[in-house]
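Student: I'd like to go through this one with you and ask how each label is earned. Can you pull it up?

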Amino acid sequence: MKYRRQKWLVALPFLIGLFIPLGIATASAGYYGGSERTIGPADGYSYTNVAYLETTVPDEYAWTETLPLYAGTEIPGNYLGVQASLFESGGALCVQSSVDWDSSPNYGLFTNSPVGDYCGSGQYYGKGWSHIYNGTGYDVYGTYDTAGYSI
Amino acid sequence: MRIVFESRRVRRSVVIAVGALTLGASIGVIVSSEVGGASTGIAGLTPGATFPENSDGLTYGSSLGALDEAGVPDLILVVATNGKQGYVYRSALNAADGSDVSTLQEASDWDEVGATESHTVPVFAEDGTTVIGTFTVSPAVVDPVPPGGPANTR
């Protein structure tokens, strides 16, 4: 009887201590942003780009956003292309979207890249690419990659 | 403030319970950081990393840490659709995903046709010649940001 009571005295606090951090980790699933990067000026325009990783089932993908540095600045059509990439834990590229431009003047673009089932579950990193017109051609600027999160 | 326990037995029980709680919390924090937490990055995949070369002098590795085209190796590490890891040629990937567009008109043309379709490129072993699978570039799903919109607009 005494032994059984002591067993619970150890097991109960141990389980409480174990599951509180796990519960916090599970509840924090969502989308996670990397650091913002400033780009330019390129042909008179400056931008910021950033990558995100979405981990809320069933929305599991990388997405990226490129905006004019000064909100509300109108970017001429096809001056800006965006592309999202998802990497698995070893740094292998899992999924990458095509680059997409908007032929119309715009105020920035965002795009996403879904998880490839063949990469399985595990830790992933999100990254984006901005293709910026410089007056004669395009320069490519990677975002800072997100931290790694489990999907 | 000093807590006085009624007996040695109660004090011992409290010590055991606090010890178990601490042990459980420590294990929980470690496990949760592995299951759902952030990592601090991958060694060798930081911006400016140098890449090894294969027998043909082509660099190979991950493009995760790249901040510009110069930071991307000749052979990019990918997961093929069959689940195997291998490499795609940077030039082939650029042609497949529209990265090799160089004029405003080409961008417009790509936007209307190329960006709406999937494109497949071969995946090679490290030697750059042995095909081990294929890699698929997904169609772009792009959305314009509303005028003056905040950063998180999706």
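Student: Which strand of chain A is A:Thr111 found in?

Tutor: A:Thr111 sits in strand β8, residues 109-114 of chain A. Keep in mind that this is a predicted model.

Student: And what makes A:Thr111 count as buried?

Tutor: Count the neighbours. A:Thr111 has 26 C-beta neighbours inside 10 Å, and the cut-off for buried is 20 or more. So A:Thr111 is called buried.

Student: How far is A:Thr111 from A:Glu65 in space?

Tutor: Their C-alpha atoms are separated by 6.7 Å, although the two residues are 46 apart along the chain.

Student: Now chain B. Why is B:Thr129 called exposed?

Tutor: B:Thr129 has 10 other C-beta atoms within 10 Å, and exposed means 12 or fewer. So the label exposed fits B:Thr129. Its place is in the loop between β4 (119-124) and β5 (131-138) of chain B. From B:Thr129 to B:Leu104 is 34 Å, C-alpha to C-alpha, with their positions 25 residues apart in sequence.

Student: Which residues of helix α2 of chain B are buried?

Tutor: In α2, residues 90-97 of chain B, they are B:Leu93, B:Ala96 and B:Asp97.

Student: How do you know that they are on the same side of α2(B)?

Tutor: They cover an arc of only 85° around the axis, so they lie on the same side of α2(B). As background, an α-helix has 3.6 residues a turn, so residues three or four places apart point the same way.

Student: What do those buried residues of α2(B) pack against?

Tutor: Strands from both chains: β5 (80-88) and β6 (93-97) of chain A, plus β2 (75-79), β3 (85-89), β4 and β5 of chain B. Right after α2(B) comes B:Gly98, with a positive phi near 90°.

Student: Which residues touch the most other members of the largest nonpolar core?

Tutor: A:Ala62, B:Ile76, B:Val78, B:Tyr87 and B:Val88, out of 59 residues in that core. Strand β3 of chain A, residues 45-56, gives the largest share of this core, six residues.

Student: What does B:Tyr87 touch, leaving out residues up to four places away in sequence?

Tutor: Its contacts include B:Tyr60, B:Leu75, B:Ile76, B:Val123, B:Phe124 and B:Gly128.

Student: How many helices and strands does chain A have?

Tutor: One helix and 11 strands, and the helix leads the order from the N terminus. Buried residues make up 51% of the 151 residues in chain A.

Note on methods: Residues are numbered from 1 along each chain as its sequence is written. Chains are lettered from A and ligands numbered from 1 in the order in which they are written. This is a predicted model: local features need pLDDT of at least 70, side-chain atom pairs count only at pLDDT 80 or more; totals for chains, interfaces and linings use all residues. A nonpolar core is a set of buried Ala, Val, Leu, Ile, Met, Phe, Trp, Tyr and Cys residues joined through C-beta atoms within 7 Å. Helices (H or I, at least four residues) and strands (E, at least two) are DSSP runs, numbered from the N terminus. Two residues are in contact if their C-beta atoms, placed from the backbone, lie within 7 Å. The arc is that of the directions from the helix axis to the C-beta atoms.
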